Amino acid sequence: MTSKPVSTSHSVLSVVALPRDANHYGTVYGGTLMGLVDQAAYAAAIRHARLPVVTVCVDHLTFLCPVHIGDVMTVKASVNYVGRTSMEVGVRIETERLATGEVEHVGSAYLTMVAVDAAGHPTPVASLQLETPDDHRRFAEAQARRRGQLARVGRTAEIHHG
Ligand SMILES: CC(C)(COP(=O)(O)OP(=O)(O)OC[C@H]1O[C@@H](n2cnc3c(N)ncnc32)[C@H](O)[C@@H]1OP(=O)(O)O)[C@@H](O)C(=O)NCCC(=O)NCCS
């Protein structure tokens, strides 16, 4: 099985927030942002695996500030951790007020995606090359999250090391 650097998976979505994305207060629905998070994570995971992927769980998403109609929402994603068939993708949401250029951190989330074959069965993926100090830090943090997730659902799968 080959190995791929984290940079292979880097994915960025930028979308202008439109009235259809927002409630009657003029702020964007959490569900709209969650959809963008899932899309960015999907792109990042597929860029790493080059296989179909499904989302198996989402770890923690807190919205730190509102997004307003007319803002540019940017969602950045990359693979933090790879197991045998699963990948953890880290996602950061930012919003830019176009009138001022001010950029705010809206929230971050961690999605576990599993590569599957045509029948939907988990399929092994390439391992992850850790090249930068940030890559190593994110991998270690993802391992800790994975221990917690697997314990919560009563699973004892192997934790892979970089
Ligand atoms: C993803 C899916 C194929 C996994 O099936 P499974 O029978 O649990 O498969 P496995 O036991 O072989 O586990 C596959 C990998 O997923 C990981 N995994 C499974 N459940 C997990 C969970 N709740 N949290 C974190 N990782 C999980 C396993 O640790 C394993 O990782 P590894 O291969 O890197 O060690 C299956 O749960 C599924 O199809 N789910 C629906 C996905 C979907 O449709 N998502 C869209 C939103 S509903």
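Colleague: How many Å should the 20 residues of helix 1 span, and how far apart are its end C-alpha atoms?

Modeller: At 1.5 Å a residue, helix 1 (residues 30-49) should span 28 Å, and its end C-alpha atoms are 28 Å apart, which agrees. The expected span is 1.5 Å times one less than the number of residues. Helices (H or I, at least four residues) and strands (E, at least two) are DSSP runs, numbered from the N terminus.

Colleague: What kind of model is this, and which pLDDT do local features need?

Modeller: This is a predicted model: local features need pLDDT of at least 70 and side-chain atom pairs count only at pLDDT 80 or more, while totals for chains, interfaces and linings use all residues. Residues are numbered from 1 along each chain as its sequence is written.

Colleague: How many helices and strands does the chain come to?

Modeller: The chain has two helices and seven strands. Their order from the N terminus is β-β-α-β-β-β-β-β-α.

Colleague: And what radius of gyration does the chain have, against that of a compact globule?

Modeller: The chain has 17 Å, which agrees with the value near 15 Å for a compact globule of 162 residues. That radius is taken over C-alpha atoms, and the globule rule is 2.2 Å times the number of residues to the power 0.38. Along the principal axes, the C-alpha atoms fill a box of roughly 45 × 30 × 30 Å.

Colleague: Back to helix 1. Which of its residues are buried?

Modeller: Leu-33, Leu-36, Val-37, Ala-40, Ala-41, Ala-44, Ala-45, His-48 and Ala-49. A residue is buried if 20 or more other C-beta atoms lie within 10 Å of its own, exposed if 12 or fewer, and partly exposed in between, with C-beta atoms placed from the backbone. Of the 162 residues of the chain, 31% count as buried.

Colleague: What do the buried residues of helix 1 pack against?

Modeller: Strand 1 (3-5), strand 2 (11-16), strand 3 (53-59), strand 4 (72-82), strand 5 (86-97) and strand 6 (102-115). Contact requires that the C-beta atoms of two residues, placed from the backbone, lie within 7 Å.

Colleague: Take Ala-45. Why does it count as buried?

Modeller: Ala-45 counts as buried because it has 31 C-beta neighbours inside 10 Å. Leaving out residues up to four places away in sequence, Ala-45 touches Val-53, Val-79, Met-87, Val-89 and Met-113.

Colleague: Which residues have the most contacts inside the largest nonpolar core?

Modeller: Val-37, Ala-41, Ala-45, Met-87, Val-89 and Val-91, in a core of 34 residues. Helix 1, strand 4, strand 5, strand 6 and helix 2 (133-152) each give two or more residues to this core. Helix 1 provides the largest share, eight residues. A nonpolar core is a set of buried Ala, Val, Leu, Ile, Met, Phe, Trp, Tyr and Cys residues joined through C-beta atoms within 7 Å.

Colleague: Which residues of helix 2 are buried, then?

Modeller: Arg-138, Phe-139, Ala-142 and Arg-146 are buried in helix 2. They cover an arc of only 100° around the axis, so they lie on the same side of helix 2. The arc is that of the directions from the helix axis to the C-beta atoms.

Colleague: And which residues are exposed on the other side of helix 2?

Modeller: Pro-133, His-136, Arg-137, Ala-144, Arg-147, Gly-148 and Ala-151. The buried residues of helix 2 pack against strand 4, strand 5 and strand 6.

Colleague: Is Gln-143 buried, exposed or partly exposed?

Modeller: Gln-143, in helix 2, counts as partly exposed because it has 17 C-beta neighbours inside 10 Å.

Colleague: Now the strands. In which sense do strand 4 and strand 5 pair, parallel or antiparallel?

Modeller: Strand 4 and strand 5 pair in the antiparallel sense over 10 bridges. Strands pair if DSSP finds at least two bridges between them. Three residues make up the hairpin connection from strand 4 to strand 5. Val-72 stands opposite Glu-96 in strand 5.

Colleague: How many bridges join strand 5 to strand 6?

Modeller: Strand 5 and strand 6 run antiparallel and are joined by 12 bridges. Val-89 stands opposite Leu-111 in strand 6. The hairpin of strand 5 and strand 6 has four residues between the strands, and Gly-101 there takes a positive phi near 85°.

Colleague: Where else is phi positive, say just after helix 2?

Modeller: Gly-154 takes a positive phi of about 70° just after helix 2. Arg-50, which follows helix 1, has a positive phi near 50°.
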